[in-house]
Amino acid sequence: MLSFTGSRLDRADHVRADPDRLAGYMNWKARLLALDGLMPSLDDGGRLAWGTLADALEDAELCFLGLDEGKACFAAVPPRGDASPRMANPQLWSLMATLQPDDLALYGGARSLIDWHARHRFCAQCGGDTKLAKGGWQRDCTQCGASHFPRTDPVTIMLVEHEGRLMLGRGLGWPEGRFSALAGFVEPGESIEEAVAREVLEESGVRVRDVTYVASQPWPFPSQLMIGCHSHADSDELTIDETEMAEVNFYSRDDVLAALDGKGPFVAPPPHAIAHHLMHWWVKR
């Protein structure tokens, strides 16, 4: 199972869309996710820590995360959001690495949601104040009435294959030896297949064909959906975009297998990343 997938919560749209029904769940049984800003808190057993709604500040904005065995689960919007990449906070990943998969998925979803609220307190249409609506799955402007919804940014991350070898790249600022699949945001007016072709061409100078979908992963830093794909290159002649990439190389199946085993010519992506999953998928084909 990919990291950040497999949440045990029932999102219960029928509850969050009904203010009276939602209010009925905000009782002594309801649980409040314990957070320090956006950082998770753990109990003595190493699971996510929970409190009650009585632990929330009086003026807290509470987001309804869903139902867990019939109990409503909430998270409070923090004073500030955090749009920095995961790599900027190694302490956070060290903490998340100890979580059970279902807790990690729950935390990732909660983090993305409340972070969006913290960074969208004003209307993009008129600049007016916004208020939480639909249990936290919407914000409404108090001035012009516009509704805003939590965003998820689609990102293609793609394996590029040429004659049995795999293209991998090292981004600018990455540690020496660390390679991963190429990736980039899907732009307005693009299909997933077109985004894959454009990003690969921009970053490596290589044209690809036969793009296929492999798997996807939510990535809460701050809120991407990583769309894993596979494609074939017509050539291995590289023209690297040096404003984005430090290196781009092709590696054999044996090279990739060795890297996944920690003994290769490059450092593979960590197990929590979809790129790690994609490489395993490729060598098993």
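**Exercise 1. Describe the span 150-273 by the distance between its ends and by its helix and strand content.**

Solution. In this predicted model, the C-alpha atoms at the two ends of residues 150-273 are 23 Å apart. Turning to secondary structure, the span is 17% helix and 41% strand. As for the name of this stretch, an unreviewed UniProt entry lists residues 150-273 under "domain: Nudix hydrolase".

**Exercise 2. Work out how β13 and β14 pair, and examine the loop between them.**

Solution. Begin with the two strands: β13 covers residues 208-219 and β14 covers residues 224-233, and they pair in the antiparallel sense over nine bridges. One bridge can be picked out by name, since Arg 209 has His 232 in β14 as its bridge partner. Next, follow the chain from β13 to β14, where a hairpin of four residues makes the connection. Pro 222 lies in this loop, and the peptide bond that leads from Phe 221 to Pro 222 is cis, with omega near 0°.

**Exercise 3. Find the order of the strands in the open sheet that contains β7, β8 and β9, and explain which strands stand at the edges.**

Solution. The open sheet has three strands in the order β7-β8-β9, and their pairing is antiparallel. β7 and β9 (147-148) each have a single partner strand, so they stand at the edges, and one side of each is left without a neighbour in the sheet. In general, the strands of a sheet pair through backbone hydrogen bonds, in either a parallel or an antiparallel way. Looking at one pair in detail, β7 and β8 are joined over four bridges, and in one of these Leu 132 has Arg 139 of β8 as its partner.

**Exercise 4. Locate Lys 134 and Glu 163, and decide for each whether it is buried, partly exposed or exposed.**

Solution. Take Lys 134 to begin with: Lys 134 lies in the loop between β7 (130-133) and β8 (138-141), and has a positive phi of about 50° although it is not a glycine. Its relative accessibility is 32%, so Lys 134 counts as partly exposed. Glu 163, in turn, belongs to the loop between β10 (153-162) and β11 (165-171), and its phi is near 50°, again a positive value in a residue other than glycine. With a relative accessible area of 74%, which is over the 50% cut-off, Glu 163 is exposed.

**Exercise 5. Compile the surroundings of Asp 103 and Leu 106 in helix α4.**

Solution. Asp 103 lies in helix α4, and its relative accessible area of 1% makes Asp 103 a buried residue. Leaving aside residues up to four places away in sequence, Asp 103 touches Arg 8, Arg 47 and Leu 48. For Leu 48 there is a further detail, because its backbone nitrogen lies 3.0 Å from a polar atom of the Asp 103 side chain. Leu 106 is also found in α4, which covers residues 101-118, and is buried at 3%. Among the residues that Leu 106 touches beyond four places in sequence are Ser 7, Leu 33, Trp 50 and Leu 65.

**Exercise 6. Identify the residues with the most contacts in the largest nonpolar core, and the element that gives the most to this core.**

Solution. The largest nonpolar core has 48 residues, of which Phe 4, Leu 65, Met 96, Ile 157, Leu 168, Val 256 and Phe 266 touch the most other members. Helix α4 gives the most to this core, with seven residues. Another core, of 15 residues, lies apart from it and includes Met 167, Val 196, Ile 227 and Val 248.

**Exercise 7. Classify the aromatic pair of Phe 4 and Trp 219, and then the pair of Phe 64 and Phe 74.**

Solution. The structure holds eight aromatic pairs. In the pair of Phe 4 and Trp 219, the centres are 5.5 Å apart and the planes make an angle of 90°, and the pair is edge-to-face. Phe 4 lies in the segment before α1 (13-16) and Trp 219 in strand β13, so the pair ties together parts that are 215 residues apart in sequence. Both Phe 4 and Trp 219 are buried. Phe 64 and Phe 74 form a tilted pair, with 5.6 Å from centre to centre and 55° between the planes. Phe 64 belongs to strand β5 and Phe 74 to strand β6; Phe 64 is buried at 0% relative accessibility, and Phe 74 is buried at 1%.

Definitions and conventions. Residues are numbered from 1 along each chain as its sequence is written. This is a predicted model: local features need pLDDT of at least 70, side-chain atom pairs count only at pLDDT 80 or more; totals for chains, interfaces and linings use all residues. Side-chain values use heavy atoms; hydrogens and water are left out. UniProt positions are given in the numbering used here, feature names are shortened, and annotations may be inferred rather than shown by experiment. Two strands pair if DSSP finds at least two bridges between them. Buried means under 20% relative accessible area, exposed over 50%, partly exposed in between (1.4 Å probe, protein chains only). Contact means heavy atoms within 4.5 Å. A nonpolar core is a set of buried Ala, Val, Leu, Ile, Met, Phe, Trp, Tyr and Cys residues joined through side-chain atoms within 4.5 Å. A polar contact is a pair of N or O atoms within 3.5 Å; within protein, one must be able to donate a hydrogen and the other to accept it, and residues adjacent in sequence count only if both atoms are side-chain atoms. Rings of Phe, Tyr and Trp (its six-membered ring) pair if their centres lie within 6.5 Å; planes under 30 degrees apart count as stacked, over 60 as edge-to-face and the rest as tilted.
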